[in-house]
Amino acid sequence: MAQASKNARTTVSTQKFFCSCGGEVKMKTLFENGKVKNVAECEKCKRLERRPSDFK
């Protein structure tokens, strides 16, 4: 019997994060001083944090 590979069995789920103001948090990539930085930004209040879980 052929079995599905381990990677084929995993399900992909994306998690949405929301700010306390009610806006959705999106990840953005910034290029500053020759370095690439990933930051999370609220679409509604434009608040910036290092990662989406910091908005709690």
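Let's start with Cys19, which is buried, with a relative accessible area of 7%. The model you are looking at is a predicted one, so treat each value here as computed from that prediction.

Where does Cys19 belong? Together with Val25, Ala40, Cys42 and Phe55, Cys19 makes up the largest nonpolar core, which has five residues in all. Find Cys42 next: its relative accessibility is 0%, so Cys42 counts as buried as well.

Now turn to Phe55, another member of that core. Which residues does Phe55 touch, once its neighbours within four places in sequence are left aside? Its contacts are Phe18, Cys19, Ser20, Val25, Ala40, Glu41, Cys42, Arg47 and Glu49. Keep Glu41, Arg47 and Glu49 from that list in mind, as we will meet them again.

With cysteines in the core, you may want to look for disulfides. How many does the structure hold? The number is zero, and the distances show why. For Cys19, the closest cysteine sulfur is in Cys21, 3.8 Å away, and that is too far for a bond. For Cys42, the closest cysteine sulfur is again in Cys21, at 3.5 Å, and this too is too far for a bond. A disulfide needs the two sulfur atoms to be within 2.5 Å.

Charged side chains come next. The structure holds four salt bridges, and we can visit some of them, including the one between Glu41 and Lys28, whose side chains meet at 3.1 Å, N to O. This pair links distant parts of the chain: Glu41 sits in strand S3 (residues 35–42) and Lys28 in strand S2 (residues 24–32), 13 residues apart. Is Glu41 buried or exposed? Glu41 counts as buried, because its relative accessibility is 15% and the cut-off for buried is under 20%. Its partner Lys28, at 39%, counts as partly exposed.

Another salt bridge joins the side chains of Lys37 and Glu32, at 3.8 Å, N to O. Here Lys37 is partly exposed, with a relative accessible area of 39%, and Glu32 is partly exposed too, at 38%.

Finally, go back to two of the residues that Phe55 contacts, Arg47 and Glu49. These two form a salt bridge with each other, and their closest N and O atoms are 3.2 Å apart. Glu49 is partly exposed, with a relative accessible area of 25%, and Arg47 counts as partly exposed at 29%. Phe55 is therefore a handy place to end the tour: it belongs to the nonpolar core, and it is also in contact with both Arg47 and Glu49.

Note on methods. Residues numbered from 1 in each chain as written. Predicted model: local features only at pLDDT ≥ 70, side-chain atom pairs only at ≥ 80, totals over all residues. Heavy atoms only, no water. Core = buried A, V, L, I, M, F, W, Y, C linked by side-chain atoms within 4.5 Å. Buried < 20%, exposed > 50% of the residue type's maximum accessible area, 1.4 Å probe, protein only. Contact = heavy atoms within 4.5 Å. Helix = DSSP H or I, 4+ residues; strand = E, 2+ residues; numbered from the N terminus.
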